[in-house]
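Biologist: I am new to this one, so could you walk me through it with a few questions and answers?

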Amino acid sequence: MAELASQAEVAWDDELWIGPLAPDGTVEEWTQIFGIEELNAPERTPDDVDVTHMQSPGRSRETIPGLMSAADWSQDLQYWPTHASQVLLDTLAGLTETGQHEDVLIEFNVGGIRRTYRGYVNAFTPQGSVGEKRMVTLALKIFERRTANPRPENP
């Protein structure tokens, strides 16, 4: 049996960026979101479409991948109420509350893998507990992925 040393790395320096989407589909100015303690890219899986028929093999249901549903994604951040990135998030959430959401691109850089999605800020909800650091929950609605699945150059 072959031995193999772990190739795990310490999670550090992952990044989350957001940029309002211009009418031509580009972002003029990206803003880095700070105060992140844990970062998970959104999980997106296609809906199953049942294609079972009377002659399906082995009396088993058959499915094929269907359309992708919009993903609900949320993340807790340290609350920095006067930082430009969090002022932007609060402004975008305010637009959504009034029914005027603004599409954005959201870029996740987790472990050197970058993924960019289109979506909008659904909510930005501050909270606090006595004697603890103040946190805020950022909630996004995530649509299609705009980037392929690039791999780090030095795996």
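Modeller: Happy to; what follows is a short tour of this predicted model, from the overall layout to the core and a surface patch.

Biologist: In what pattern do the helix and the strands follow each other along the protein chain?

Modeller: Let's begin with the inventory: the protein chain has one helix and eight strands. Reading along the sequence, you meet them as β-β-β-β-β-α-β-β-β.

Biologist: Is the protein chain more spread out or more compact than a globule would be?

Modeller: For 155 residues the globule rule gives 15 Å, while the radius of gyration here is 20 Å. That is well over the rule, so the chain counts as more spread out than a compact globule.

Biologist: Which element gives the largest share of the largest nonpolar core?

Modeller: This core holds 20 residues, and L16, W73 and L138 are among those that touch the most other members. Elements giving two or more residues to the core include strand 1 (15–20), helix 1 (84–97) and strand 8 (135–145). The largest share is four residues, and these come from strand 8.

Biologist: Which residues of 135–145, the stretch of strand 8, does W73 touch?

Modeller: Leaving aside residues up to four places away in sequence, the contacts of W73 include L16, L39 and F108. Within strand 8 (135–145), W73 touches L138, A139, L140 and I142.

Biologist: Is V51 buried, partly exposed or exposed?

Modeller: V51 lies in the loop between strand 3 (46–50) and strand 4 (63–68), and with V49 and I64 it makes a nonpolar surface patch of about 200 Å². Buried means under 20% relative accessible area and exposed means over 50%. V51 has 31%, so it counts as partly exposed.

How values were computed:
Residues numbered from 1 in each chain as written. Predicted model: local features only at pLDDT ≥ 70, side-chain atom pairs only at ≥ 80, totals over all residues. Heavy atoms only, no water. Core = buried A, V, L, I, M, F, W, Y, C linked by side-chain atoms within 4.5 Å. Buried < 20%, exposed > 50% of the residue type's maximum accessible area, 1.4 Å probe, protein only. Contact = heavy atoms within 4.5 Å. Patch = residues over 30% accessible without salt bridge, like charges linked within 9 Å, V, L, I, M, F, W, Y side chains within 5 Å. Areas by Shrake-Rupley, 256 points an atom, 1.4 Å probe, with all protein chains shown as cover. Salt bridge = Lys/Arg side-chain N within 4 Å of Asp/Glu carboxyl O. Rg over C-alpha atoms; globule rule 2.2 N^0.38 Å.
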